[in-house]
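I set out to record what I looked up in this entry, one topic at a time. The notes begin with the sheet and end with the relation between the copies.

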Number of protein chains: 2
Amino acid sequence: MNLKEEALKLHKDSKGKLAVKSKVNVNTKEDLSLVYTPGVAEVCREIANNPKAVYDYTMKSNSVAVVTDGSAVLGLGNIGAEASLPVMEGKSVLFKELANIDAFPICIKNQNDDEIINIVKNIAPAFGGINLEDIAAPRCFKIEEKLQNIGIPVMHDDQHGTAIVVLAALLNAAKVTGKHIEELKVVVNGVGAAGTAITKLLLCIGIDKKICTSVKEIVLCDSKGIVYEGRPDLNEIKKALAKITNGSKRGGMLKDALKGADVFIGVSKGNLLTADDLKVMNKDPIVFAMANPTPEIMPDEASKVAAIVGTGRSDFPNQINNSLAFPGVFRGALDSKAVKINNEMKIAAATAIANCVNPTKDNILPYTLDKNVVKRVAEAVAKTAKETGVCRE
Amino acid sequence: MNLKEEALKLHKDSKGKLAVKSKVNVNTKEDLSLVYTPGVAEVCREIANNPKAVYDYTMKSNSVAVVTDGSAVLGLGNIGAEASLPVMEGKSVLFKELANIDAFPICIKNQNDDEIINIVKNIAPAFGGINLEDIAAPRCFKIEEKLQNIGIPVMHDDQHGTAIVVLAALLNAAKVTGKHIEELKVVVNGVGAAGTAITKLLLCIGIDKKICTSVKEIVLCDSKGIVYEGRPDLNEIKKALAKITNGSKRGGMLKDALKGADVFIGVSKGNLLTADDLKVMNKDPIVFAMANPTPEIMPDEASKVAAIVGTGRSDFPNQINNSLAFPGVFRGALDSKAVKINNEMKIAAATAIANCVNPTKDNILPYTLDKNVVKRVAEAVAKTAKETGVCRE
């Protein structure tokens, strides 16, 4: 069987991937009188009298909604709520298997920003966190922003999960190549959810050390070339990004942007670059070509010039995959009773991921299914949440 | 420990009652490539091309949302979404333990009808059915009605679960007392969710036999006495019910209604009646005093006059509890690919429940945790769904 046949068979045989289970016994009338009526009424009353008690007596303390509108699913685009469900189940499975979090898919059959915001706010009571997933840019930015004050952590994983792992990879790639983070000139190709979040995170790396450091410069490119202030076709998001990137206001195309750059980060589409294109970069270039399934440049080609090559794929070295981040980030946020996930927590997560390996050229990141990573990320995130004062208690 | 202490301890020790679990292995990169990217994309594509396939490849075929707005939780009233969560988790646990259905709580922090309808419609893609729970009357009627055409079965359990079990109990109580269903004069006290649904169901019992039979007469009472056409203070729901009940247009109070009645069904509040009040009923009266936790009349008192006494409580004989109905009803609806739950299916469920016992005075209903009941109810419901043509295929 090929991958397609195998994947279809697995999903059909198991009728999906996620189930619920009871954590309590219901074998006798006595069990029933505690789990359900009349005993449960006492628990309800306790929470009605003391709303915070919902975290002590219910699943809320360990549950996360995996929320999508099906508008930007993997590389498949706007396939809708139903067709996105296998991904949301898969994500929920990873939450459970890697971080013991009880995640459940909420696939919303509506792609209006305000409706999605309203629905998520209204179903939040049973959840301790919200993982936004596969919601198209630029809608994802507003939706996430408007949900930052609902009292539980809300994170759009396509943005920040990716950004955290890219930062982790970059920290170790810099170490291996002997470059200093603060001196890196970075080109980010692709200004969607991931490209935007990567850019923002790389510009505030230092805040966990209470000093404001960042990479030296970021130049963003989209399909029309370099993003610069005043470019006539920029949307609001790109206008804002143009103000904090590309300080020298360069114009031109991607290949122009690469001149003198140390790092290429691709979150765009496959087969954009050749080894020759990389020759204009600084010595020992770092290339993260993360387009899926086909990278912007294949690793064997990139390696002709680059010192470090990473992709999104599991069949090449240095897989840059957000499953290294989201389980530990949410575990840490839930454990620390955080009400949001701030930049400091993201940077702590990236640092923890980077510290899980002794980096070498072909091993800048730990293995995606390593539960030790989740533990270390969770601890770092929880500690930082407390230090930055975003916890309920 | 008393019940309160025990219930609080159980919920606190287990941090709630519900968890999720994975049905598939995620131990290797190969597993990951099937469960998540890149393999899962093939499954998404399959569903995008053929929307019905969502039932074959995802959890939808076995998942039910337990939806509440926390407005009428047990006997506790409008305690809100968070405080209702222990009940919704308990209900989900029963769905799992009794019917192997993967149910998940959706506690909505909004009590506007149209908002609730909109939210439920929009989150439906991941669910194969919707169990509405503890939503106050009269809002529950409109909400349920407006959700009847969303393509998956939607049932408000406080209405129909209760009505089904009451009908089951009545079928067997009539058998034990040698009365004929068609000749019964019934008083229903309480015109909320349960009273309304019980009334409607008892008026169309015969439709599963393709002949239209019902009990002979129903007289409804609310806190102001008998409901009759033209009573000046009736709301729209009660006006409609007045047209199909109390044919002789009697007025008066509950105690007047009981004159010449065969059956008293209480879904109201505790301590309303004495044995003396029952003496005006016909010979061998049937009394279902279901107010929780205190019945309208205690069983020892009622038994002085009544031939059969049932309550909602597990510590007396003849517990009339909707956990006898909802697991099998949804199991049958999911198994038969029903798109709704019609009266015929409810009557089939009631008949199946009644047929699970050889009824005697103190044993008109099966044991609430008997999984054999679920199986028989599910089979009857599925068969009827197919016969009445409400299945997807």
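I count two strands as paired if DSSP finds at least two bridges between them. The model I am reading is predicted.

Sheet order. On that basis I traced an open sheet of six strands in chain A, in the order β8-β7-β6-β9-β10-β11, with mixed pairing. I noted that β8 and β11 (308–311) of chain A stand at the edges; each has a single partner strand, so one side of each lacks a neighbour in the sheet.

Helix on the sheet. I then looked up helix α8 (residues 157–177) of chain A, which packs on the sheet and touches β9, β10 and β11 of chain A. I recorded an angle of about 155° between the direction of α8 and that of β10(A).

Pairing of β9 and β10. I found β9 (residues 263–266) and β10 (residues 286–289) of chain A parallel to one another, with four bridges between them. For V263(A), I read the bridge partner in β10(A) as I286(A).

Strand β7. Next I asked which residues lie on either side of β7(A), and whether they are buried or exposed. I found E217(A), V219(A) and C221(A) on one side and I218(A), L220(A) and D222(A) on the other, all of them buried, which leaves both faces covered. Accordingly I entered β7 (residues 217–222) of chain A as mostly covered, with six of six residues buried.

Neighbours of β7. I recorded five bridges in the parallel sense between β7(A) and β6 (residues 185–189) of chain A; in this pair V186(A) has I218(A) as its bridge partner. With β8 (residues 225–226) of chain A, I found β7(A) running antiparallel and joined by two bridges. There C221(A) stands opposite I226(A). I also noted that a hairpin connects β7(A) to β8(A) through two residues.

Helix α14. I checked α14 (residues 326–335) of chain A and found nine of its ten residues buried, so the helix is largely enclosed by the rest of the structure. Among the buried residues I listed F326(A), F330(A), R331(A) and L334(A). After α14(A) I noted K337(A), which has a positive phi, near 60°.

The two copies. I laid chain B on chain A by a turn of 180° and a shift of 0.0 Å along the axis, with an RMSD of 0.0 Å. The copies are thus related as by a two-fold rotation axis. Within chain B, I found V20(B) closest to that axis, its C-alpha at 2.0 Å. Finally, I noted that 100% of the interface residues of chain B are also interface residues in chain A, so the copies meet through the same surface.

Technical notes
Residues numbered from 1 in each chain as written. Chains lettered and ligands numbered in written order. Predicted model: local features only at pLDDT ≥ 70, side-chain atom pairs only at ≥ 80, totals over all residues. Heavy atoms only, no water. Buried < 20%, exposed > 50% of the residue type's maximum accessible area, 1.4 Å probe, protein only. Least-squares fit on C-alpha atoms with pLDDT ≥ 70 in both. Contact = heavy atoms within 4.5 Å. Axes fitted to C-alpha atoms, helices over the stretch in contact; angles between N-to-C directions.
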